Amino acid sequence: MNSTIEFIKKYVSIILGAIIFAAGLEFFLIPNNILDGGVIGISIIARHYIGLPLGIFIFVLNIPFLYLGYKQIGKDFAIASVFGIIVLSLATSFFHPYNPLITDPFLACVFGGIILGIGVGLVIRNGGTLDGSEMFSIYATKKLPISVGEMVLGINIIIFIISGFIFTWEAALYSMISYFIASKVMDIVIEGLNDSKSVMIISSNYETISQEIQDRLGRGVTLLNGEGGYSGTETKVIFCVITRIEESKMKRIVFKNDKNAFLSIGTVSEVSGGNFKKKDIH
């Protein structure tokens, strides 16, 4: 029963997040030629030239990245993302005929960015995504000496520069402001999740949990020696580093194998060296 309720809550939240995101695009950003980053930004540029509904581009351009998401994160993430992107595509088509709520570009970029951040934050918090550029970045950083965050930022800077040639440089600058605001609001919605998270797990079933983390998340783990301060019992502490979109799956792996496990997840400002690169999952 609890699993059914959690499932319903998860997908209702994804629906709500996708609709909020679509409203931010159609009522604030797009009428003022302000772009979001990633696949959404590319889709807006494509619609400007080709004229087909935005939802078609959002869905079609995300397909290859969703496959990468399936390979890198897993089936649950891919299903949640496909569902969210379908809802987003339909919602943009539904909202498009209506007049914008704000025509002042500055107000549009500020409030549009806030609304986009709320929408995408809800979706990521529930184990999905609305934009496949982050999936591409996770895949690409396996072969490049840069972080996921740096890759995402680089992709979006290129998109905003292109938008400056297509629309106006003023619109491109507004797009950057909107993207910055959206990213900060998104972090607040998903409780300050950044690109990388440090995870510590204490469980008597540490062998199974550590193996599943390696098999299902593709992340390396380190087993540390620990001792209970009160009981004096020796145990193993699992330590690993994950990305923010892997947190939901990490929790499921841990508590599926040990409902009483101790799980601590903290923000990591920088990750370098070691074996943080993503491995293929089984």
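Contact here means heavy atoms within 4.5 Å. The model is predicted.

Q: Among contacts between residues at least 6 apart in sequence, what share joins residues at least 24 apart?
A: Start with the contacts in the chain whose two residues lie at least 6 apart in sequence. Now keep the ones joining residues at least 24 apart, and the share is 76%.

Q: How many helices and strands does the chain have, and in what order do they run?
A: The count comes to ten helices and four strands. Reading from the N terminus on, the order is α-α-α-α-α-α-α-α-β-α-β-β-α-β.

Q: What percentage of the chain's residues is buried?
A: A residue goes in the buried pile if its relative accessible area is under 20%. Apply that to the 282 residues in the chain and you get 49%.

Q: Are helix 9 and helix 10 roughly parallel or roughly antiparallel?
A: Helix 9 covers residues 206-217 and helix 10 covers residues 247-257, with axes 10 Å apart. They pack at an angle of about 150°. Angles over 145 degrees fall in the antiparallel class, so helix 9 against helix 10 is roughly antiparallel.

Q: What is the handedness of the crossing, and which residues of helix 10 make the contact?
A: Helix 9 passes helix 10 in a right-handed crossing. From helix 9, the contact uses Thr-208, Ile-209, Glu-212, Ile-213, Arg-216 and Leu-217. By class, the contact of the two helices has six nonpolar, two polar and four charged residues. On the helix 10 side, the residues are Lys-249, Met-250, Ile-253, Val-254, Lys-256 and Asn-257.

Q: What is the phi of Asn-33, and where does Asn-33 sit?
A: Most residues other than glycine have a negative phi. Asn-33 isn't a glycine, yet its phi is positive, about 60°. Asn-33 is partly exposed, at 38% relative accessible area. Its place is the loop between helix 1 (2-29) and helix 2 (38-50).

Q: Is Asp-36 buried or exposed?
A: Asp-36 is found in the loop between helix 1 and helix 2. Setting aside neighbours within four places in sequence, its contacts include Phe-21, Leu-25, Ile-44, Leu-116 and Tyr-179. Its relative accessibility is 10%, and the cut-off is under 20%, so Asp-36 counts as buried.

Q: How many disulfides does a search of the whole structure find?
A: Cys-109 counts as buried at 0% relative accessibility, and Cys-240 counts as buried at 2%. A disulfide would need a pair of cysteine sulfur atoms within 2.5 Å. Searching the whole structure, the number of disulfides found is zero.

Note on methods: Residues numbered from 1 in each chain as written. Predicted model: local features only at pLDDT ≥ 70, side-chain atom pairs only at ≥ 80, totals over all residues. Heavy atoms only, no water. Buried < 20%, exposed > 50% of the residue type's maximum accessible area, 1.4 Å probe, protein only. Axes fitted to C-alpha atoms, helices over the stretch in contact; angles between N-to-C directions. Helix = DSSP H or I, 4+ residues; strand = E, 2+ residues; numbered from the N terminus. Parallel < 35°, antiparallel > 145°, perpendicular 65-115°, else oblique. Left-handed = near helix turned anticlockwise from the far one by under 90°. Nonpolar A, V, L, I, M, F, W, Y, C, P; charged D, E, K, R; others polar.
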